[in-house]
Amino acid sequence: MHVYLETERLILRRLTLDDVDLITALDADPEVMRFITGGRPTPRDEIRDEYLPWWLAYYERGDRYGFWAAIEKSTGAFLGWFHLRPNPEDPDDEPELGYRLVAAAWGRGYATEGSQALVDRAFEQYGARRVYASTMAANVGSWRVMEKVGMRFVRTFHYDPRDRTENEEPGDVEYAVTRAEWLATRSPA
């Protein structure tokens, strides 16, 4: 097991092809997928043949950015995944934070704990200038996590209407924290 980082309650480790069933089960929960696909599951073959190979390809470039399985330290249970990586159109020093957790992990602080560790790593070790995240405006739980890790609201935007789900009517929101903002939270008053 290749551990990327550990927090008080989580281990973030590299994903493997053996995780296909865990990710398929995660994406099969309509509540987990509600703000992503309108509740539609991601087919196993799509996870196996498209998503996992794309995520695993990050590891060929080292440990700086990528996707990681979130494992609960106390039980060894798979809780979902996190990612920290720039999108293709973004500068290398402006990574996007993302996460998807099993519903049983919601409301227990895991998304905040893992997200804060990734934001801290981006600024402390990778020289990030800015870290951002986005979600559907209706996904209040997710944007509250973003706020808890020091991100602020940046904008509301809309993806291509052909890709919309019925939950997307209010659009998507972007939150971000800059290096200066993050440093200000670390400095004594």
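Three worked exercises on a predicted model follow.

**Exercise 1. Place Glu 181 and its surroundings: which element holds Glu 181, and which residues does Glu 181 touch?**

Step 1. Glu 181 sits in helix α6, residues 179–186.
Step 2. Its relative accessibility is 27%. Buried means under 20% and exposed over 50%, so Glu 181 counts as partly exposed.
Step 3. Leaving out residues up to four places away in sequence, Glu 181 touches Arg 152 and Ala 176.
Step 4. Check the polar atoms. A polar side-chain atom of Glu 181 lies 2.8 Å from the backbone nitrogen of Thr 178.

**Exercise 2. Describe helix α2 from start to end: which residues of α2 are buried, and what covers them?**

Step 1. Begin at the start of α2. There, a side-chain oxygen of Asp 29 comes within 2.8 Å of the backbone nitrogen of Glu 31.
Step 2. Helix α2 spans residues 30–37, and its buried residues are Val 32, Met 33, Phe 35 and Thr 37.
Step 3. The cover over these buried residues includes α1, β5 and β6.
Step 4. Finish past the end. Gly 38 follows α2 and has a positive phi, near 75 degrees.

**Exercise 3. Characterise the packing of α1 and α3: at what angle do they pack, and how far apart are their axes?**

Step 1. The angle is about 115 degrees, and the axes are 10 Å apart.
Step 2. Angles of 65 to 115 degrees count as roughly perpendicular. Therefore α1 and α3 are roughly perpendicular to each other.
Step 3. Their crossing is right-handed.
Step 4. List the contact. Helix α1 supplies Val 20, Asp 21, Ile 23, Thr 24 and Asp 27, while α3 supplies Arg 44, Ile 47, Arg 48, Leu 52 and Trp 55.
Step 5. Sort by class. This contact has five nonpolar, one polar and four charged residues.

How values were computed
Residues numbered from 1 in each chain as written. Predicted model: local features only at pLDDT ≥ 70, side-chain atom pairs only at ≥ 80, totals over all residues. Heavy atoms only, no water. Helix = DSSP H or I, 4+ residues; strand = E, 2+ residues; numbered from the N terminus. Buried < 20%, exposed > 50% of the residue type's maximum accessible area, 1.4 Å probe, protein only. Contact = heavy atoms within 4.5 Å. Polar contact = N/O pair within 3.5 Å; in protein donor to acceptor, adjacent residues only side chain to side chain. Axes fitted to C-alpha atoms, helices over the stretch in contact; angles between N-to-C directions. Parallel < 35°, antiparallel > 145°, perpendicular 65-115°, else oblique. Left-handed = near helix turned anticlockwise from the far one by under 90°. Nonpolar A, V, L, I, M, F, W, Y, C, P; charged D, E, K, R; others polar.
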